[in-house]
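Hi everyone, thanks for coming. Today I'd like to walk you through the empty spaces in a protein model, and then one small sheet.

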Amino acid sequence: MPGIRGPSEYSQEPPRHPSLKVNAKEPFNAEPPRSALVSSYVTPVDLFYKRNHGPIPIVDHLQSYSVTLTGLIQNPTKLFIKDIRSLPKYNVTATLQCAGNRRTAMSKVRNVRGVGWDVSAIGNAVWGGAKLADVLELVGIPKLTASTYLGGRHVEFVSVDRCKEENGGPYKASIPLSQATNPEADVLLAYEMNGETLSRDHGFPLRVVVPGVIGARSVKWLDSINVIAEESQGFFMQKDYKMFPPSVNWDNINWSSRRPQMDFPVQSAICSVEDVQMVKPGKVSIKGYAVSGGGRGIERVDISLDGGKNWVEASRTQKPGKHYISEHNSSEKWAWVLFEATIDVSQTTEVIAKAVDSAANVQPENVESVWNLRGVLNTSWHRVLLRLGHSNL
């Protein structure tokens, strides 16, 4: 398309932070050290996980770049970046999480397919841009609309990004029109991240941010927006990112039997210590993140040192120095919560964390119960083993 192009090879990739753990080079997929996640409430741009499906698109001429709005609407149009920027700007703090976060733990139970993420395929950022509900009003779709006059019930986002799973076609995903037109859903066409222009890795010049939903629906490098009757028929909507039971394998899978995953379940992970880490006897600080999809708050985070027989509650914060109250108007409903607890270690100890959200959803105890062949949505209790020894902790 004019102004931006998706290259066919990887010779013009952007620079990346040297501390990132690279899980794949072509396409580039990487996550930060887990300790980086609890160093600040807002994740620095260069330490935000990177999930790509092809070479990073290149912007040749920003003023020529535009997004086409088409489909089952009465007024198809083309919007340039200046048109998007002329709309009211909103800043939304939201956590994005790959559906495959914590996949490596699931692969230890049985083999799964997918990028080998540890616990850091997640990040929290302040996204700046126009609300999709305002953009859709420009083509005659009122706010809080579930269906257009012509029968459109879903909004599809098509990327400049080309990927092998689409046989060289564009990456695409969709959300319900009722969500897209709801201002309270805070779906953005974002052009800023943490107060700066989007980086190439994170969707420059324009991306979608769908808070509370798995990262696969927040399409980067936006090319077009299509209002359609049914869900997008793209590969990543119909043949990936669906939740199957442990009994399903690659011989008996029926993709059409499951809906595309949208909201992510309640999740937490310990980040201040690694698994099988040596520590000195005494006090050890346990820090991590907890988050739930759909705008649900985190009611509590529990820590156990005896396999789940007894628990202590961790403290929870969002913005530094401000007390966090789940689903209070002072909290940021799309953002993660950072937790902390101090434990006393006198012997080799397995530390367990589990979160409970505001709807009383709780993380399942065992990874075996949520195992699936694609290794998505591992939200089981997070466990790290601490061994006594020499340490700087």
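Before the numbers, one term: a pocket here is an open set of grid points with protein on both sides within 12 Å along at least five of seven lines. Please keep in mind that this is a predicted model.

With that, the largest pocket holds about 440 Å³ of space. Its lining has 21 residues, and Ala105, Lys108, Asp275, His382 and Arg383 lie nearest the centre. Which elements supply at least two residues each to this lining? They are helix H3 (103-107) and strand S24 (382-388), and S24 gives the largest share, four residues. By character, the lining divides into seven nonpolar, five polar and nine charged residues.

The second largest pocket has a volume of about 340 Å³. It is lined by 28 residues, with Pro27, His53, Lys164, Glu165 and Phe236 closest to its centre. Here the split is 13 nonpolar, six polar and nine charged.

Now to the enclosed spaces. The structure has four cavities of 30 Å³ or more, and the largest has a volume of about 270 Å³. Strands S4 (50-51) and S10 (154-162) are the elements that give two or more residues to its lining. That lining is made up of ten nonpolar, five polar and five charged residues.

S4 also belongs to an open sheet of three strands, ordered S2-S3-S4 with antiparallel pairing. Strands S2 (21-25) and S4 are at the edges with a single partner strand each, so one side of each has no neighbour in the sheet. S3 (residues 28-31) pairs with S4 over two bridges, and alanine 30 has lysine 50 in S4 as its bridge partner.

Definitions and conventions. Residues numbered from 1 in each chain as written. Predicted model: local features only at pLDDT ≥ 70, side-chain atom pairs only at ≥ 80, totals over all residues. Heavy atoms only, no water. 1 Å grid on protein atoms, 1.4 Å probe; cavity = no way out; pocket = protein on both sides within 12 Å on 5 of 7 lines; lining within 4 Å. Points joined across faces, edges and corners; volume = space filled by probe spheres on them. Nonpolar A, V, L, I, M, F, W, Y, C, P; charged D, E, K, R; others polar. Pairing = 2+ DSSP bridges.
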